[in-house]
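Q: Please take a close look at one part of this structure and describe it for a reader who has not met it before. Please also set that part within the whole.

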Amino acid sequence: MTEVPGLDHAGLTRWLADAHPDLADGPLTAEVITGGRSNLTYRVDGARLPLVLRRPPLGHVLSSAHDMRREHRVISALAGSRVPVPRTIDVVDDTADQAVTGTVFFVMERVDGTVLARPEQNAAYTPEGLHGLGLALAETLADLHAVDPAAVELADFGRPAGYLERQLATWRRQYDASRSRELPVLDDLQDALATRLPADHGRAGIVHGDYRLDNAIVAGPAHAPRLAAVLDWEMATLGDPLVDLGMLGLYWDINAVSDGHGATSAVTAGAGYPEFDELVDTYAARSGTSLPQLGWYRAFAAYKLAVILEGIHYRYRAGDTVGDGFAVIGDLVAPLAADGLAHTARTTTGATDGTVA
């Protein structure tokens with residue numbers, strides 16, 4: 001049996017037979033699911049249910065990042081809510097035994113469907129279907145932010161007060177831990193975000209942290225696709241929900257931001273997807289609230305993604321990342337930072353003019 005990096009097939013088979021004999025059905029096989037740029041995700045076959053296993057990346061795991069227990073906890077907590085999530089199976093600390101991954105990992109049921117990540121995938125759907133799917137993405141985000149953390153036993157999942165200041169400090173530390181080259185434009189963006197921090201608008205909720213179309217599974221017919229599951233909750237916490245809207249806006253426009261530097265999205269002009277302004281209006285209508293100016297949040301999304309990609313670039317150069325596309329991923333860091341700076345230039349500190357920016 002061919003092994004995959006970061007996972008022992010035989011150890012996984014033994015673990016499932018011991019811990020979940022009702023799911024065991026002989027030897028298991030696993031393969032890395034392409035598309036992930038941080039935590040490693042494996043498709044697992046051979047059990048009585050189709051499974052997915054998640055573990056941290058190989059090497060250079062930054063402090064507080066890639067927390068499998070937190071990801072497992074928030075997905076489990078949202079089961080039964082209006083936010084579609086996979087069914088979790090177990091979370092395991094394998095750091096001592098070194099039997100499966102040698103890390104903390106968790107296992108969940110695999111959800112059937114498609115991850116829309118490339119423009120050519122749009123051909124399987126009608127323009128009307130894709131338009132509705134985009135609006136559903138915004139509505140689901142509003143539904144997430146409407147969940148009462150205490151009601152799903154997540155009251156201690158984060159500290160909303162001072163969230164934005166702590167986020168900037170956290171990502172500054174992660175950037176410093178991944179420095180391997182000079183990036184003055186990213187340094188400038190970091191400084192601009194600190195000097196233009198929004199005034200506290202009083203909102204707080206469960207924040208996904210990386211909310212976008214290709215972090216969801218899409219199922220259903222061509223004319224009416226639906227969100228079958230929202231994935232990749234590794235950065236979830238409690239805080240300012242508008243950071244999720246900023247991240248969604250960045251990825252909605254990532255083809256223009258990337259401009260040939262390696263990032264692609266299924267969201268393309270003419271395919272049927274709504275404009276981001278319509279997503280914002282849909283989110284506001286679903287949540288029953290007006291929104292402040294979003295320019296800072298959009299810039300912060302660019303900063304956060306740039307720091308994440310710089311960390312992946314660091315791991316790639318160290319030989320600790322597996323999968324395709326990593327050789328050029330560092331090329332997107334500077335364009336992202338420049339895009340973020342453009343948004344901070346249009347941001348007024350504490351503005352609440354209702355515009356997207």
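**The antiparallel strands around strand 2**

A: In this predicted model, Val44 stands opposite Leu51, a residue of strand 3. Strand 3 covers residues 51-55, and 5 bridges join strand 2 to strand 3 in an antiparallel arrangement. The two strands form a hairpin with 5 residues between them, where Gly46 takes a positive phi near 110°.

Strand 2, residues 40-45, also pairs with strand 1, residues 29-32; these two run antiparallel and are joined by 4 bridges. In that pairing, Val32 has Tyr42 of strand 2 as its bridge partner. Strand 2 is thus bridged both to strand 1 and to strand 3. In a regular strand, side chains alternate between the two faces of the sheet.

The wider setting is as follows. The protein contains 10 helices and 9 strands. The C-alpha trace spans about 60 × 45 × 40 Å along its principal axes. A compact globule of 357 residues would have a radius of gyration near 21 Å, and the 20 Å of the protein therefore agrees with that expectation. Of the 357 residues, 54% count as buried. Among contacts between residues at least 6 apart in sequence, 73% join residues at least 24 apart.

As for the surface, the protein exposes about 15000 Å², of which carbon and sulfur atoms supply 50%. There are 29 positive and 47 negative side chains, and the centres of the two sets lie 2 Å apart.

Definitions and conventions:
Residues numbered from 1 in each chain as written. Predicted model: local features only at pLDDT ≥ 70, side-chain atom pairs only at ≥ 80, totals over all residues. Heavy atoms only, no water. Rg over C-alpha atoms; globule rule 2.2 N^0.38 Å. Buried < 20%, exposed > 50% of the residue type's maximum accessible area, 1.4 Å probe, protein only. Contact = heavy atoms within 4.5 Å. Areas by Shrake-Rupley, 256 points an atom, 1.4 Å probe, with all protein chains shown as cover. Lys, Arg positive; Asp, Glu negative; His and termini not counted. Charge placed at Lys NZ, Arg CZ, Asp CG, Glu CD. Pairing = 2+ DSSP bridges.
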